[in-house]
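Biologist: Thanks for making time for this one. Could we go through the model together, one question at a time?

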Amino acid sequence: VMVTILAPLSSSVEDIGQVMREVNEACNELQIDVLGGHTEITSAVNRMVLSITAIGRGKKEQVVTTGGAKIGDDIIVTGFAGTEGTGILSKKYSDYLLTKLPADIIDMGKNMLKSISVVDVGMLAGQFGVNAMHDATEGGILGAIWEVAEASNKGMYIYEECIPIKKETIKICAALNINPYRLISSGCMIITCSNGIGLCNLLSENSISASIVGRITEDNKLMNSGGLEGEVEPPESDEIYNVKID
């Protein structure tokens, strides 16, 4: 990987050093080499921004893209919606949330940042044989599923009640008046394949939670919420940027 760090003017050498230590720790776990990159302190950002370019080799026939979904595929979500966003919001708005929710809910939310890797999921799904994979980042679960359908030139039909989500995320998002299904969801993988039950069983055997939330269709991007159907809009600004507190 090549690592570019854009740091705000308030950053210290120690701050940048800590970021690089964390980058190296993550790369060592995955047997990845850091080849180089660029570091810059700039007024263009108000918090640390990292841009990573990854370079690797693999067999062409084993590559799984975002745009490979086929009509009739099951849509599988691994992990839980809003995982990363819940962790970030629990830390950033901790004092405010403590006026709305019990402390244990906030602590559980903060701990969610410890479980956002999808490497194992990707490896297992690739070996199983799937048609499309896409990690759910900005725009959340709904945004990521929409992107899979759009990239595949297909439609989708999903059931909101089937989307896995933790109670802490629901309560924290309710307290901040944002949509948890549009909240950054690193730690979740969107997968489509013809045998969703078989894949979910395989993932479960490897201690990875996975749920079938719908299917790929010929056209239209729809969600069933409490028996009511509605169109899923394309992703815009992530809900994490829409928080407004008194």
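**Talking through the model**

Modeller: Happy to, and let's begin with Asp33: its relative accessibility is 60%, so the residue counts as exposed. Keep in mind that this is a predicted model.

Biologist: Where does Asp33 lie?

Modeller: Asp33 is exposed. Its C-alpha atom is separated by 10.0 Å from that of Ile55, which is 22 residues away along the chain. As for its place, α1 (13-29) comes before Asp33 and β2 (36-41) after, and Asp33 lies in the loop between α1 and β2.

Biologist: What radius of gyration does the protein have, against the value for a compact globule?

Modeller: The C-alpha trace spans about 50 × 50 × 35 Å along the principal axes. For 246 residues, a compact globule would come out near 18 Å, and the protein agrees with that, its radius of gyration being 19 Å.

Biologist: What share of the contacts with a separation of 6 or more joins residues 24 or more positions apart?

Modeller: The secondary structure to be packed comes to eight helices and 10 strands. Of the 246 residues, 43% count as buried. Among the contacts with a separation of 6 or more, the share from residues 24 or more positions apart is 85%.

Biologist: How far apart do the centres of the positive and negative side chains lie?

Modeller: The protein exposes about 13,600 Å², with 49% of that supplied by carbon and sulfur atoms. Its charged side chains number 19 positive and 32 negative. The centres of these two sets lie apart by 2 Å.

Biologist: Which geometry does the aromatic pair of Tyr157 and Tyr159 have?

Modeller: The count comes to one aromatic pair. Its members, Tyr157 and Tyr159, sit 5.3 Å centre to centre, with 65° between the planes. Planes over 60 degrees apart fall in one class, so the pair of Tyr157 and Tyr159 is edge-to-face.

Biologist: Is Tyr157 buried or exposed?

Modeller: Its partner Tyr159 has a relative accessible area of 29% and is therefore partly exposed. For Tyr157 the value is 10%. The limit for this class is under 20%, so Tyr157 is buried.

Biologist: What is phi of Asn220?

Modeller: Asn177 makes a good lead-in: it is not a glycine, yet has a positive phi of about 60°. Asn177 lies in the loop between α7 (167-176) and β7 (189-193), and its relative accessible area of 70% makes it exposed. Asn220 lies in the loop between β8 (210-217) and β9 (221-225). Asn220 is a residue other than glycine too, and its phi is positive, near 65°.

How values were computed: Residues numbered from 1 in each chain as written. Predicted model: local features only at pLDDT ≥ 70, side-chain atom pairs only at ≥ 80, totals over all residues. Heavy atoms only, no water. Helix = DSSP H or I, 4+ residues; strand = E, 2+ residues; numbered from the N terminus. Rg over C-alpha atoms; globule rule 2.2 N^0.38 Å. Buried < 20%, exposed > 50% of the residue type's maximum accessible area, 1.4 Å probe, protein only. Contact = heavy atoms within 4.5 Å. Areas by Shrake-Rupley, 256 points an atom, 1.4 Å probe, with all protein chains shown as cover. Lys, Arg positive; Asp, Glu negative; His and termini not counted. Charge placed at Lys NZ, Arg CZ, Asp CG, Glu CD. Phe/Tyr/Trp six-rings, centres within 6.5 Å; stacked < 30°, edge-to-face > 60°.
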